[in-house]
Every structure is written in C-alpha cells, then in structure tokens.
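User: I am new to this structure and would like to learn how to read its features step by step. Could you take me through them, giving the general idea before the case at hand?

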Amino acid sequence: MDLTEHAHAHTKIYDELRDAVAERRSVDAAALRAERQCGSGQWLYGPLQQRWAGNHTYLNCVEAHREFHQAAVEVAELINRGEYAEANRRLRNGNRLSLAASGLTTAFRRLRLALEAVTA
C-alpha cells in the first residue's frame, strides 16, 4: 500500500472543496462522511486493522483519518448551504481542515515508517 498516494488522495479532496467554493457548486457531503468507504478507510479498517489493531501508530492514523473526514464534511455542508465565505475561511491554513490534512499526512508518514520497520 502506497501511503504517499493515500495522502495525495486526501489533498485532492481538500483541493476539490476549495474549487467548489470558487465555483459555487455543491459537493457530496455524504461521500465525505463515509470515511470507511474511501480507499484509505477500506485499507485502514480492512487488512491493516487485522494486523495492527492495538498498535499506537495505527490508531493515531485511524484517528487522523477520521478527523480529516469530519472536518471535510463540515466544510462541505457549509458549501452546500451556500455559506461560501465561511467555507473559504475554514479552508485557510490554521483552521480545522488544514490542520487535519497536515495531521493525516504526518500520520501516514509515521505508519509507513512503522510498516517498513516490520518488513525490514
């Protein structure tokens, strides 16, 4: 599993939310809410959970992934209600979604290092 690709996929979600604000178009908040259904969620709650369920690094990654999706849903709901200024504010650096995106990237990096250590 390429964790760099997982991080990139979530960066793409962030970018899609920013584009939705700029284009004044709705987004699929339900899809964002289903964090277990995205590629990363399927992997985290599937094969990886079976092997790493009690591992601290794994659990931190699961929590960072959940936090990202929750923050993305908040922004998506603002967009869908037409609250573009507030959605845009929430997309700026230092707000919940940007912090969650950064935290998720870090969590993926740490998990990758842990996985590499086990297979080395």
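User: How many disulfides does the count come to?

Analyst: A disulfide is called when two cysteine sulfur atoms lie within 2.5 Å. In this predicted model, the count by that rule comes to 0 disulfides. C38 takes part in none, and the nearest cysteine sulfur to its own, that of C61, is 10 Å away. Read from the other side, C61 is likewise in no disulfide, with the sulfur of C38 as the nearest cysteine sulfur, 10 Å away.

User: Is C38 buried or exposed?

Analyst: A residue counts as buried when its relative accessible area is under 20%. C38 has 18% relative accessibility, and therefore counts as buried. C61 is buried too, because its relative accessible area is 0%.

User: What is the volume of the largest pocket, and which residues line it?

Analyst: With a pocket, one may take the volume, then the lining, then the elements that supply it. The largest pocket here has a volume of about 160 Å³. Its lining is made up of I13, E16, L17, V27, D28, A31, L32, A34, Q37, C38 and H69, so that C38, a residue which counts as buried, is also one of those lining residues.

User: Which helix gives the most to that lining, and how is the lining divided by class?

Analyst: At least two lining residues come from each of α1 (3–23) and α2 (29–33), and α1 gives the most, with 3 residues. Sorted by class, the lining of the largest pocket holds 7 nonpolar, 2 polar and 2 charged residues.

Conventions. Residues numbered from 1 in each chain as written. Predicted model: local features only at pLDDT ≥ 70, side-chain atom pairs only at ≥ 80, totals over all residues. Heavy atoms only, no water. Buried < 20%, exposed > 50% of the residue type's maximum accessible area, 1.4 Å probe, protein only. 1 Å grid on protein atoms, 1.4 Å probe; cavity = no way out; pocket = protein on both sides within 12 Å on 5 of 7 lines; lining within 4 Å. Points joined across faces, edges and corners; volume = space filled by probe spheres on them. Helix = DSSP H or I, 4+ residues; strand = E, 2+ residues; numbered from the N terminus. Nonpolar A, V, L, I, M, F, W, Y, C, P; charged D, E, K, R; others polar.
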